[in-house]
Amino acid sequence: MKACCRSLGCEVLNYESIYEERFAARLDEFKWLYMELYDNEDLFWELCDSMRTYFDARHTELKESDRDCEAHPDWYRTSDLLGMMLYIDSFAGDIRGVKERLDYLERCNVNYVHLMPFLDTPKGASDGGYAVADFRKVRSDLGTMEDLEELTAACHRRKMNVCMDFVMNHTSQEHAWARRARAGEEEYRSRYFFYPDRRIPDQYERTVPQVFPTVAPGNFTWLEEEQTWVMTTFYPYQWDLNYRNPRVFNEMMGEFLFLANKGIDIMRLDAVPYIWKELGTTSRNLPQVHTLVRLMRIIGEIVCPGVLLLGEVVMEPEKVVPYFDTVEKPECHMLYNVTTMATTWHTVATRNVGLLRHQLGLVNALPKQYVFLNYLRCHDDIGWGLDYEKLKEEGIEEYWHKKYLNGYFQGHCGGSVSRGELYNDDPVTGDARFCGTTASMCGIEKAGFEGSAVTCSSEKDGIEGEAAVLCGSGKIWSEDAVTPMDLAIRKDLMLHAYLLMQTGIPVLYSGDEVGQVNDYSYKDDPEKADDSRYIHRGRMNWELADQIDCPDTVQGKLFSGLNRLETVRREEKAFSFDARVRTIDTWDESVLCMERCLGDEKILGLFNFCEYDRTAWINEADGMYENLLTGEVREAKGVDIPACGYCYLKRIG
């Protein structure tokens, strides 16, 4: 969490002088990059004036926090930082409801709260909040900007950081700029990509991939009333911004700083690889994108250095890592570890840790300054962006493997206990993505809903037996028939234990801490029925959360198990960001062993991805080890790991 000594805040600080020092230290690079991109000195100085205005308007408490962060620039590289992403309406109804639930988030050990999109979007054409109509207005059913400021202030008092999505590639077709562009104002038409015929769009289509080829094919949309084409990389109602126009960058930075001044600590840069378009290219990850992100980093360091940039780069590792750039000229503070996430679920389906070891090796070899956000599930679908060149070495072909993975997680093959649905299924290519909650993918839904040898000993609320988990009644399962559920719970906890063993910031998806399963009610909502991602965006079931202190319930077992794992990560020095991390061969294809070392401290994490008992044939002949989860003392040799089991072994001498 952010440094909170506040000693600097006790001084009488000359903030004008502080700003001028920051600005002078970065001016040369700032101006050079801007002029290289735009060659417009008047607009450069206009941007500088705007930055100063936002700095002057920044609350003193935020300025003090900025000073603390400058004094402790690595404040976010700490093993006690734990995130949770949540939809405001699904979690607590509105922003004030989230504020009322901060006690619960503290019980979850959460000090990094990612509020999923909450800005004003048109009803029925919002893409889950990513089609922003007004960057300075909260969605009316969620609250107001004043409510947001009160929430961020309340979070800061509890040493919690707040993250939001900054959607910078596009706006809604209902944004004020888009409306004025449709009205024919050239100033605003120049902020988008308009073409009277298909000549230029067709040239783009030859090299630019489609994001959603089945549900939103192509990269352009025809506007019948205006008789023109507009670039829409994602959905027809999301118009791509033209960052070739310096006015777009300047004014979007104004929106960025406005939101930062509302108390936002982390800005998730949505779809950042797409923001610069160039004919004859893929319009992805172009050099100008990196210039823009570097400019954003400099602007933040001048105006609000306590605000972090989190890049959403959902691509293969060689395209992700450049968004960190160099230690001397950094871009993003943090990036999503998306390939490891996808590889993790591949490992669940194949029970083979080979590719995962390879992927972790690549990540662990990167500089320690790089900070990844690690997660099992997020708000989006799972795309199978695996290292298929590596898999091909073992005779695994991409097409058939994706088909197997999607079949497995739907519960159709491979002895699967998973439940979920496909997203953006393409019947021509056979490609698709997958949606489902962590609990449902681990078998908790199948064990509780389909009644696999599960019974219930309580009749509270008239709900019993196989419907108990699905309905969230918090039942206590009878002791003589819990094997399928216990195995599913163990798999769920094993994956979280492995998640917490990785270097970086772990982020949970709201509801995972209580085993919330798929919500199929989205099919009854006309605005959501065509988007299967809503299957894992269901409402938080507070009846489940009420049972977290009941040790015999599913949610009690999950919550207490996660709490123990999080405590170990927080308290053990070997979980430091500076630890040396590697994997160790277990001579069993289903068992992963991760080693973390810092100085003389050493911890081994062992994770069995198979539904059968296995033995990790390690031979660490360097003393005795304590199982940090059970207290058992033993040698780290030939360690038996139960089905879907896990352990943390700490060397004690």
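**Exercise 1. Find which residues of helix α1 meet which residues of helix α2, and describe how the two helices lie against each other.**

Solution. Begin with the contact itself: in this predicted model, Y15, E16, Y19, E20, R22, F23, L27, F30, K31, Y34 and M35 of α1 meet E41, L43, F44, W45, L47, C48, M51, R52 and F55 of α2. Sorted by class, the residues in the contact of α1 with α2 are 14 nonpolar and six charged, with no polar residue.

Next, place the helices along the chain and read off their geometry: α1 covers residues 15-38 and α2 covers residues 41-57, and they pack at an angle of about 150 degrees with their axes 12 Å apart. Since angles over 145 degrees count as roughly antiparallel, α1 and α2 are therefore roughly antiparallel to each other. To complete the description, the crossing in which α1 passes α2 is right-handed.

**Exercise 2. Work out how α1 is oriented relative to helix α3, and list the residues that make the contact.**

Solution. Helix α3 spans residues 60-71, and its axis and that of α1 come within 12 Å of each other, crossing at roughly 45 degrees. This angle makes α1 oblique to α3, because it falls in neither the range under 35 degrees, nor the range over 145 degrees, nor the range from 65 to 115 degrees. The crossing of α1 and α3 is left-handed.

On the side of α1, the contact is made by Y15, I18 and R22, while α3 contributes T60, K63, E64, D66, R67 and E70. Counted by class, the contact of α1 with α3 has two nonpolar, one polar and six charged residues.

**Exercise 3. Describe the closed barrel, and then follow one pair of its strands in detail.**

Solution. Eight strands close into the barrel, and their order is β1-β2-β5-β11-β12-β13-β14-β17, with parallel pairing. Neighbouring strands of this sheet are turned by 25 degrees against each other on average, if direction is ignored.

For the detailed pair, take β13, which holds residues 334-336, and β14, which holds residues 371-374; these two strands pair in the parallel sense over three bridges. Within that pair, Y336 has L373 of β14 as its bridge partner.

**Exercise 4. Set out the open sheet of three strands, and say which of its strands lie at the edges.**

Solution. The order of this open sheet is β7-β9-β8, and the pairing is antiparallel. The edge strands are β7 (194-195) and β8 (220-223), each of which pairs on one side only. Strand β9, with residues 228-231, pairs with β8 in the antiparallel sense over four bridges, and the bridge partner of F220 in β9 is M231.

**Exercise 5. Examine the hairpin of β21 and β22, and state what is noted about G631.**

Solution. Strand β21 runs over residues 614-627 and strand β22 over residues 633-641, and the two pair in the antiparallel sense over eight bridges. One of the facing positions is E626, which stands opposite V633 in β22. The hairpin has five residues between the strands, and in it G631 takes a positive phi near 85 degrees.

**Exercise 6. Judge the confidence of the prediction along the chain, using pLDDT.**

Solution. The average pLDDT of the chain is 92, and 93% of the residues score at least 70. Over residues 3-10, however, the pLDDT is below 50, and this stretch has 16 contacts in the model beyond near neighbours in sequence. The pLDDT is also below 50 over residues 450-482, a stretch with 71 contacts in the model beyond near neighbours in sequence.

Key:
Residues numbered from 1 in each chain as written. Predicted model: local features only at pLDDT ≥ 70, side-chain atom pairs only at ≥ 80, totals over all residues. Heavy atoms only, no water. Pairing = 2+ DSSP bridges. Axes fitted to C-alpha atoms, helices over the stretch in contact; angles between N-to-C directions. Left-handed = near helix turned anticlockwise from the far one by under 90°. Contact = heavy atoms within 4.5 Å. Nonpolar A, V, L, I, M, F, W, Y, C, P; charged D, E, K, R; others polar. pLDDT = per-residue confidence, 0-100.
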